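Q: Could you take one part of this protein and walk me through it slowly? I'd like to see how a helix and a sheet fit together.

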Amino acid sequence: MPENRIMRDVLKGEAVFPPPLWMMRQAGRYLPEYRETRRRAGSFLDLCYNPDFAVEVTLQPIERFGFDASILFSDILVVPHALGRDVRFEEGRGPLLTPISATGIAALDGETFHVNLEPVYETVRRLRAKLPDETTLIGFCGAPWTVATYMIAGHGTSDQAPARLFAYREPAAFLQLLNVLADHSAAYLIRQIEAGADVVQIFDSWSGVLDEVSFEAFCIKPVAEIVRQVRAVHPDVPIIGFPKGAGAHYRSYRQKTGVTGLGLDWTVPLTAARELQRDGAVQGNLDPLRLVAGGKALADGVDAILKALRDGPLIFNLGHGITPETPIAHVEAMVKMVRSAS
């Protein structure tokens, strides 16, 4: 990675101030140009799998805001889709899948996995060629637990009870599903790195619904296996883990998975974030609704994070993805606040 991609320095443990800045879901519905590209693309999966459109929307926030990192535009559910499961997105309902059974888990077929995902790898190759040299390119996947919750329920739920019940009732089948997802997710990340990704991130959006024992078995162990497999091939590529809602488990998650950087959701107290920063880079953790509100709420949130975490390795980000109703002017204001901090 070229010397001027400052996210690499931060992920190596260096304190850089002002910190590098990007946003989760930075290519999204809050941008009118995204909405127009999405309309031209047709379905959401067509947007993900068409490199022309996927490159276009990935670059849109870079062209507008000059973020220090660009994250591949795709979706965590391309992995089960590439394994032969049906995945569709309906406006107002989100992702929908046919719920998987123990028999379906045994029948998962990865023979054409990389063939199915070749358009994503082509998108990564084109992005690295088009991005400014100083911009870090982030590849990603969903963590096995979070992806499994959608595969089992067939849709998102408030507490992922269907997946939790399945795990308790059919533990062997559930662990088989996690193992399949871990192996294929690792292979997916490796291919993204080979295509040009500088950093990869693992999103575990539903880790916060699990008890202690389940968190260890369903969140930590599969992610540790992904990290192990990726590091065996690309030992120097940083890996960011984002176990949203992990609470008291954040430290053990970093220690046991071996991730390089730790993404923090907005509920993590800044005193706790500062302690976690002692073990390596942290990323986050502005409440996305402060960005929607703007004004004093936004300024106070940005200022608090910068003051608390400025002396350690920090990547400034939201504590979850940006929401569609966020005013563009508020994003511009946030970028200015972070970049002009002293």
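A: Let's look at the sheet first and then at the helices beside it.

A quick word on the ground rules. This is a predicted model, where local features need pLDDT of at least 70, side-chain atom pairs count only at pLDDT 80 or more, and totals for chains, interfaces and linings use all residues. Residues are numbered from 1 along each chain as its sequence is written, and side-chain values use heavy atoms, leaving out hydrogens and water.

Helices (H or I, at least four residues) and strands (E, at least two) are DSSP runs, numbered from the N terminus. Two strands pair if DSSP finds at least two bridges between them.

Now the sheet. It's an open one with seven strands, ordered β1-β4-β5-β6-β7-β8-β9, and the pairing is parallel. At the edges you'll find β1 (69-71) and β9 (314-318); each has a single partner strand, so one side of each has no neighbour in the sheet. On average, neighbouring strands are turned by 25 degrees against each other, direction ignored. For such angles, axes are lines fitted to C-alpha atoms (for helices, over the stretch in contact), and angles run from 0 to 180 degrees between N-to-C directions.

Zoom in on one pair: β5 (residues 199-204) and β6 run parallel and are joined by five bridges. Asp-204, for example, has Pro-243 in β6 as its bridge partner. Helix α13 packs on the sheet, where it touches β7, β8 and β9, and its direction makes about 170 degrees with that of β8. Touching here means contact, that is, heavy atoms within 4.5 Å.

Next comes helix α12 (residues 250-257). Its buried residues are Tyr-250, Tyr-253, Arg-254 and Thr-257. They sit on the same side of α12, because they cover an arc of only 95 degrees around the axis. That arc is taken from the directions from the helix axis to the C-beta atoms, and buried means under 20% relative accessible area, with over 50% being exposed and partly exposed in between (1.4 Å probe, protein chains only). Here's the handy rule behind that: an α-helix has 3.6 residues a turn, so residues three or four places apart point the same way.

And what do those buried residues of α12 pack against? Their partners are α11 (212-233), β6 (239-243), β7 (261-263), α13 (270-277) and β8 (282-286). Right after α12 comes Gly-258, with a positive phi near 80 degrees.
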